[in-house]
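I opened my notebook and pulled up the model to see what could be looked up. Here are my entries in the order I made them.

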Amino acid sequence: MSKKAPAAAASLLRLVVPAGKATPSPPIGPALGQRGVKSMDFCKQFNDRTKNVDLGTPLPVIITVKGDRTFTFVTKSPPTSFFLKRAAGIEKGATNIGKDHPFVGKVNLKQIYEIAKIKQADEGMGHLSLKGICSGVVGSARSMGIEVVA
């Protein structure tokens, strides 16, 4: 009697890839190559799926690689910090929060609300209230040195 070898378990891979700019270079190529997946196949599919998003917008991607070397992926909305920096019109958050300069930028409550509405559509955020998501966005803004004004 011969025993069948167990099927290889699926592996999850989490990356942040700029929309429309996926290339087989690092970090995508080596990460998929270790799992036996052709990185060019992923890049073509990802770039095609994200062609309607602003070019270069960082998108978190969860790639599921199955035992037979096929893959599926899910794209999420950009990180909250990306939206906050864009709304405040800054390149990066504060390095020493509260020491040299109290704030590096400002956002208003309407912008916080709009960011929260976008984030609510993400998988895993549906059970949270919009008020709860807004308070999380406000906390992220403060930790980046961005002032929230009414």
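**Entry 1: overall form**

What radius of gyration does the protein have, set against a compact globule of 150 residues? I should say at once that this is a predicted model. I found 19 Å for the protein, where a compact globule of 150 residues would come out near 15 Å. I then looked up the box along the principal axes, and the C-alpha atoms fill roughly 70 × 35 × 30 Å.

**Entry 2: surface and contacts**

I looked up burial next: 31% of the 150 residues are buried. The accessible surface is about 9600 Å², and carbon and sulfur atoms hold 55% of that area. For contacts with a separation of 6 or more, I noted that 61% join residues 24 or more positions apart.

**Entry 3: secondary structure**

I counted five helices and five strands. Reading along the sequence, I wrote down the pattern β-α-α-β-β-α-β-α-α-β.

**Entry 4: the annotated domain**

I checked the UniProt record, an unreviewed entry, and it places "domain: Large ribosomal subunit protein uL11 N-terminal" on residues 14-71. Over residues 14-71 I read 29% helix and 24% strand. The end C-alpha atoms of that stretch are 13 Å apart.

**Entry 5: salt bridges**

How many salt bridges does the structure hold? I found four, and I kept notes on some of them. As a reminder to myself, side chains of opposite charge can pair when their charged atoms come close.

I started with Lys51 and Asp48, whose closest N and O atoms are 3.2 Å apart. Lys51 has a relative accessible area of 59%, so I marked Lys51 as exposed. Asp48 is at 48%, so Asp48 goes down as partly exposed.

I moved on to Asp54, which forms a salt bridge with Arg86, with 3.7 Å between the closest N and O atoms. This pair links distant parts of the chain, 32 residues apart. Asp54 lies in the loop between helix H2 (39-49) and strand S2 (58-65), while Arg86 belongs to helix H3 (residues 80-88). I logged Arg86 as partly exposed because its relative accessibility is 49%.

Last came Lys119 with Asp122, where the closest N and O atoms are 3.5 Å apart. Are these two partners buried or exposed? Lys119 has a relative accessible area of 8%, so I entered Lys119 as buried. Asp122, at 13%, is buried too.

Technical notes:
Residues are numbered from 1 along each chain as its sequence is written. This is a predicted model: local features need pLDDT of at least 70, side-chain atom pairs count only at pLDDT 80 or more; totals for chains, interfaces and linings use all residues. Side-chain values use heavy atoms; hydrogens and water are left out. UniProt positions are given in the numbering used here, feature names are shortened, and annotations may be inferred rather than shown by experiment. Helices (H or I, at least four residues) and strands (E, at least two) are DSSP runs, numbered from the N terminus. A salt bridge is a side-chain nitrogen of Lys or Arg within 4 Å of a carboxyl oxygen of Asp or Glu. Buried means under 20% relative accessible area, exposed over 50%, partly exposed in between (1.4 Å probe, protein chains only). The radius of gyration is taken over C-alpha atoms; the globule rule is 2.2 Å times the number of residues to the power 0.38. Contact means heavy atoms within 4.5 Å. Accessible areas come from the Shrake-Rupley method with a 1.4 Å probe; for residues, only the protein chains shown count as cover.
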